[in-house]
Amino acid sequence: VLRNRFRLVLNGKPSLDKQTFLRAVQWTIPGEHHSSCPEMFIASRLFDIFAAQAEVRGVQQALDFEAFASLVGTFSGNASTEEKIFVCFKIFDLQNLNYITFDDLLTVLK
């Protein structure tokens, strides 16, 4: 079912680009939503985190189905606590240094 819905969103494209992903996320946020709201910042970071996984398979700046399923699965009841903590950590690790700098923290909290 998830794969079929993913294909519908793609509309014939091989992978999900960031702009399409963020547009889809905007539709789920109630009320006025714009690119600087906290939900969109988190959505953008999530895209970047999971698109990096897809790059290993040769997909550039996009989500293939495997990366998309991993993203969705992270928020399921079946995901381990460790997986959820890792993704939350990566949201704050803006420079991908495997630690959170003071500047990373300030940027996320703004």
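## Lys-90 and its surroundings

Apart from residues up to four places away in sequence, Lys-90 touches Arg-45, Ile-49, Asn-96 and Asn-98, where contact means heavy atoms within 4.5 Å. Lys-90 lies in helix 5. Its relative accessibility is 10%, so Lys-90 counts as buried; buried means under 20% relative accessible area, exposed over 50%, and partly exposed in between, with a 1.4 Å probe and protein chains only.

Two of the residues that Lys-90 touches, Asn-96 and Asn-98, are treated again below with the loop that holds them.

## Basis and confidence

This is a predicted model, in which local features need pLDDT of at least 70, side-chain atom pairs count only at pLDDT 80 or more, and totals for chains, interfaces and linings use all residues. Residues are numbered from 1 along each chain as its sequence is written, and side-chain values use heavy atoms, with hydrogens and water left out.

The protein chain has a mean pLDDT of 86, and 94% of its residues reach 70 or more; pLDDT is the predictor's confidence in each residue, from 0 to 100. Confidence is highest in helix 5 (residues 81-92), at a mean of 94, and lowest in helix 1 (residues 2-10), at 83. Where pLDDT is low, the predicted coordinates should not be read in detail.

## Fold and overall dimensions

Six helices and two strands make up the secondary structure assigned to the protein chain. Helices (H or I, at least four residues) and strands (E, at least two) are DSSP runs, numbered from the N terminus. Their order along the sequence is α-β-α-α-β-α-α-α.

The radius of gyration of the protein chain is 14 Å, which agrees with the value near 13 Å for a compact globule of 110 residues. This radius is taken over C-alpha atoms, and the globule rule is 2.2 Å times the number of residues to the power 0.38. The C-alpha trace spans about 40 × 35 × 30 Å along its principal axes. Of the contacts with a separation of 6 or more, 41% are between residues 24 or more positions apart.

## Surface and charge

Buried residues are 34% of the 110 residues in the protein chain. The accessible surface is about 7400 Å², and carbon and sulfur atoms hold 58% of that surface. Accessible areas come from the Shrake-Rupley method with a 1.4 Å probe; for residues, only the protein chains shown count as cover.

The protein chain has 11 positive and 12 negative charges, and their mean positions are 7 Å apart. Lys and Arg count as positive and Asp and Glu as negative, while His and the chain ends are not counted. Each charge is placed at NZ of Lys, CZ of Arg, CG of Asp or CD of Glu.

## Helix 2 and the loop before strand 1

Phe-21 lies in helix 2 (residues 18-26) and counts as buried, at 8% relative accessibility. Beyond its neighbours within four places in sequence, Phe-21 is in contact with Leu-16, Ala-43, Phe-47, Leu-63 and Leu-71. Phe-21 and Ala-62 are 41 residues apart in sequence, with a C-alpha to C-alpha distance of 9.1 Å. Arg-23 also lies in helix 2, but counts as partly exposed at 37% relative accessibility. A C-alpha separation of 9.5 Å is found between Arg-23 and Met-40, which are 17 residues apart along the chain.

Ser-15 is in the loop between helix 1 and strand 1 (16-17). Its relative accessible area is 16%, so Ser-15 is buried. Residues up to four places away in sequence aside, Ser-15 touches Leu-10, Val-59, Ala-62, Leu-63 and Asp-64. Leu-63 is thus in contact with Ser-15 and with Phe-21.

## Loops on either side of helix 5

Ser-76 lies in the loop between helix 4 (65-74) and helix 5 and counts as partly exposed, at 24% relative accessibility. Ser-76 and Gln-61 are 15 residues apart in sequence and 24 Å apart in space, C-alpha to C-alpha.

The loop between helix 5 and helix 6 (102-109) contains Asn-96, and Gln-95 and Asn-98 are also in this loop. Gln-95 is partly exposed at 44% relative accessibility; leaving aside neighbours within four places in sequence, Gln-95 is in contact with Thr-101 and Asp-104. Asn-96, although not a glycine, has a positive phi of about 55 degrees. Asn-98 likewise has a positive phi, near 70 degrees, and is exposed, with a relative accessible area of 58%.
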